[in-house]
Amino acid sequence: MNIKDVAQRAGVSISTVSNVLNGRRNVSPEKAQAVMRAAEELNYIPNVNAQMMKRHGTGNIGLFLSHVEGPYYAALMPALFYFCAKAGYALLIYVNDFHTSRDVAQAVLSCNIDGAIMLNGLITEEDIRLVNQRGIPMVFMDRNIRMPGTGCVLIDNGSGTHEQVEYLYHTGHRRIAYMIGYENNDGNGREAAFRKAMEEFGLPLEPELMMQGLFNEKVAYNNVRVLIGRQERLPDAIVCASDEMAIGCMNAIHDMGMEVPSDVSVLGFDNLAIGEMCEPKLTTVDYDISRFCRMAVEELLRLIADPTQEGSIQYTATRLIIRNSVALRLGRLK
């Protein structure tokens, strides 16, 4: 089955079929509908590789990850896939436990791609330049960096974390614990913003209430049990750098015979679907993950068109979603 068969079925020229399938608007609505109906009836699938060869590209975008575990990546990957497909690109996903920066660079360069979306902070600026020199632009979603051929799209971690602490302060929470992610742009940015907000509101920052959660539900669960087991007095609240860790905190508190939020309030970050399915429903920081992914793909497409362009640094906004996991502690309000 080829484009000629579709043209014959639709009663139009081959060039008309080509124009319709390539999204050009110089075809009447009636002819476009006839072409699409014929293609569907014949189960015709355009040869994407041939189309991309005509425009001197591979038609592939690479997504490079160090791991894919957890609901965050389950939400992220379909959105990236959708916007790549909408632009006519296939999304190829590479998941590796890279050991060095050069391993990452070699993986990017050895793949048949036009550009790379990166969620891997291991690669150095030197190796990023090496990749760019080979004509492969990159967009980072977890690292603040900009240079020719490389840009980034980031979450406004500072604003989101400030909202978490501000809300707790105004609901009477004074002794606040923090569950840290791992060391990347989001983990470091959210922890730094937490420390700054605690100082702004005059709240004590107790080192023993700073816990490591590694953006992982099980790690958070175990460390909350350790924390509560050795504290004479419970924290008023636990601020978490991700929803996954917040769920781990809530499960640990429940399994130790206490309740959220009456005994300890819990806040998350990411507004994943699991936050609405748990009990109580999780108060969290939201950002539009679909918009976040669209911004990343659009920035990469801009750089693919001209890899010598300077990359941009863009942020997606956040907002606090108030549900049921934070108590109103009236006795502690000033």
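Here's a short back-and-forth about this predicted model.

Me: What is the strand order in the open sheet of 6 strands?
Reply: For context, the protein chain carries 13 helices and 12 strands. The open sheet takes in 6 of those strands, and the pairing is parallel. Read across, the order is β2-β1-β3-β4-β5-β11.

Me: Which strands are at the edges?
Reply: An edge strand pairs on one side only. Going across the sheet, the order starts with β2 and ends with β11. So by the rule that a pair needs at least two bridges, the edges come out as β2 (90-95) and β11 (313-316).

Me: Which residue in β11 stands opposite I155?
Reply: Strand β5 covers residues 150-155, which puts I155 in that strand. β5 runs parallel to β11, and 4 bridges join the two. Across from I155 you'll find T316.

Me: What angle does helix α7 make with β4?
Reply: Helix α7 (residues 125-133) packs on the sheet and touches both β4 (138-140) and β5. Within the sheet itself, neighbouring strands are turned by 20° against each other on average, ignoring direction. For the helix against β4, directions do count, and the angle is about 145°.

Me: What share of the residues is buried?
Reply: Picture the C-alpha atoms filling a box of roughly 80 × 45 × 30 Å along the principal axes. The chain exposes about 16100 Å², with carbon and sulfur atoms supplying 50% of that area. Counting a residue as buried when it has under 20% relative accessible area, the share of the 334 residues is 51%.

Definitions and conventions: Residues are numbered from 1 along each chain as its sequence is written. This is a predicted model: local features need pLDDT of at least 70, side-chain atom pairs count only at pLDDT 80 or more; totals for chains, interfaces and linings use all residues. Side-chain values use heavy atoms; hydrogens and water are left out. Axes are lines fitted to C-alpha atoms, for helices over the stretch in contact, and angles run from 0 to 180 degrees between N-to-C directions. Contact means heavy atoms within 4.5 Å. Buried means under 20% relative accessible area, exposed over 50%, partly exposed in between (1.4 Å probe, protein chains only). Accessible areas come from the Shrake-Rupley method with a 1.4 Å probe; for residues, only the protein chains shown count as cover.
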